[in-house]
Amino acid sequence: MPAPAANLKINGDRLWDSLMEMAKIGPGVAGGNNRQTVTDEDGEGRHLFKQWCDEAGLTTGVDTMGNMFARREGTDPEALPVYVGSHLDTQPTGGKYDGVLGVLGGLEIIRTLNDTGIKTRRPIVVTNWTNEEGTRFAPAMLSSGVFAGIHEQSWAYDRTDAKGLRFGEELERIGWKGDEEVGARKMHAFFELHIEQGPILEAEGKDIGVVTHGQGLSWTQVTVTGKESHTGSTPMPMRKNAGLGMARILDRVDAIAWSHKPDAVGAAGHIEVFPNSRNVIPGKAVFTVDFRSPDLAVIEDMERRLREEATEICEQMGLTVEFEKVGGFDPVEFDANCVKAVRDAAERLGYSHRDLISGAGHDACWINRVAPTAMVMCPCVDGLSHNEAEEISQDWATAGADVLFHAVVETAEIVE
């Protein structure tokens with residue numbers, strides 16, 4: 001299939017203006033965004049995206065999970081479409097680019113095709129997946145997970161937020177519960193552009209990350225139980241300090257991750273100590289160990305060693321320990337042909353690039369189960385994301401969208 005000419009590029013100024021316009025909806029308190037899923041702000045952002053799609057001549061459909069699909073027709077009505085997109089929802093203290101770049105980068109593909117009069121044999125569909133972040137309604141990538149058959153829709157509808165509000169009811173309340181059956185759409189391929197959310201590309205001075213794999217994830221909640229007692233009057237040999245047991249286990253978590261360098265990582269971000277009083281030795285500690293690796297065997301080894309070594313530590317200290325697997329997914333290997341399309345596009349356009357493993361979960365990780373999929377990444381300043389200080393440059397955004405354009409259009413097959 002013919003590739004787009006190397007001088008064919010998107011309009012970087014227009015893409016940047018669209019990013020800044022969308023960022024006005026659900027502004028954060030520190031320069032970023034708070035446009036959480038199925039809030040009024042999410043609904044407003046969807047309306048703006050729909051308006052832009054209408055202006056670009058696209059036909060928009062919405063499924064019963066609120067996923068939006070804006071379609072540009074191809075010359076072959078029987079051909080499976082090429083899908084491209086990401087998400088418009090943000091963290092409570094999120095940035096202006098996480099997810100949004102992928103949706104509006106997809107829209108910019110359509111605008112550029114319209115500008116140049118280029119036709120493709122396959123339709124191209126720009127997608128906004130609902131509730132990728134999973135902050136308000138856990139888990140993350142909820143609606144793409146229903147689309148891919150990972151979750152049942154009824155289960156997803158029953159997810160509740162901190163106020164007890166149900167996802168399904170909130171989706172209906174903001175007016176974005178569609179009538180299409182989730183997962184009924186068939187794809188020829190799916191591409192997602194995203195900021196890296198890590199420091200590698202910027203540190204190495206690379207324009208583009210060619211994402212070959214997505215890390216697998218394992219969340220194990222660990223409960224260490226000892227005995228609450230007075231910090232001043234309990235002799236050291238008679239203490240059963242659950243907080244100290246947790247500290248020793250977390251030191252082992254770090255060592256376990258290091259033993260599988262360079263790609264494995266491990267830490268605990270969720271930590272609770274009870275009763276959390278200044279003069280009481282902790283009687284219980286509850287924390288969640290997050291292990292990630294692109295190799296399933298490595299994840300399984302880290303899980304096994306956590307249980308063995310934590311049990312040994314607690315036995316030596318007179319503590320008890322319990323483990324509960326509370327989340328996770330297997331590593332992802334993206335489609336070789338789609339990955340090649342991304343790599344070839346970067347080379348054709350003269351952008352520096354390197355292969356990359358995504359350390360975060362993305363909608364593409366679930367869609368990869370039902371269609372050939374690949375991801376494009378661009379740098380972000382200091383690797384900072386899920387933070388209102390998240391920042392990228394217009395040049396980075398443009399380069400990422402250029403590569404996305406070439407990969408998508410080549411896969412959709414230009415009509416000469």
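Helix axes are taken here as lines fitted to C-alpha atoms over the stretch in contact, with angles running from 0 to 180 degrees between N-to-C directions. In the predicted model, helix 10 (residues 336-349) packs against helix 12 (residues 394-412) at an angle of about 125 degrees, the two axes lying 8 Å apart. The two helices are therefore oblique to each other, and helix 10 passes helix 12 in a right-handed crossing. Helix 10 contributes Ala341, Val342, Ala345, Ala346, Arg348 and Leu349 to this contact, while Asp402, Val403, His406, Ala407, Glu410 and Thr411 come from helix 12. By class, the residues of the contact comprise seven nonpolar, two polar and three charged.

A second helix pair is formed by helix 1 (residues 12-22) and helix 3 (residues 100-116), whose axes come within 10 Å and cross at roughly 140 degrees, which makes helix 1 oblique to helix 3. Helix 1 likewise passes helix 3 in a right-handed crossing. From helix 1, Arg14, Leu15, Ser18, Leu19 and Met22 meet a set of helix 3 residues that includes Val100, Leu101, Leu104 and Glu108. The residues of this contact divide into six nonpolar, three polar and four charged.

Asp98 is placed in the loop between strand 3 (82-86) and helix 3. An unreviewed UniProt entry lists Asp98, together with Glu133 and His386, under "binding site". Although these residues span 289 residues in sequence, no two of their C-alpha atoms are more than 9.6 Å apart, so they gather at one spot. Asp98, Glu133 and His386 are included in the lining of the largest pocket.

Technical notes. Residues are numbered from 1 along each chain as its sequence is written. This is a predicted model: local features need pLDDT of at least 70, side-chain atom pairs count only at pLDDT 80 or more; totals for chains, interfaces and linings use all residues. Side-chain values use heavy atoms; hydrogens and water are left out. Helices (H or I, at least four residues) and strands (E, at least two) are DSSP runs, numbered from the N terminus. Angles under 35 degrees count as roughly parallel, over 145 as roughly antiparallel, 65 to 115 as roughly perpendicular and the rest as oblique. A crossing is left-handed if the near helix is turned anticlockwise from the far one by less than a right angle, and right-handed if clockwise. Contact means heavy atoms within 4.5 Å. Ala, Val, Leu, Ile, Met, Phe, Trp, Tyr, Cys and Pro count as nonpolar, Asp, Glu, Lys and Arg as charged, and the others, Gly among them, as polar. UniProt positions are given in the numbering used here, feature names are shortened, and annotations may be inferred rather than shown by experiment. On a 1 Å grid over the protein atoms alone, a cavity is a set of points where a 1.4 Å probe fits but cannot get out, and a pocket is an open set with protein on both sides within 12 Å along at least five of seven lines; lining residues have an atom within 4 Å of a point.
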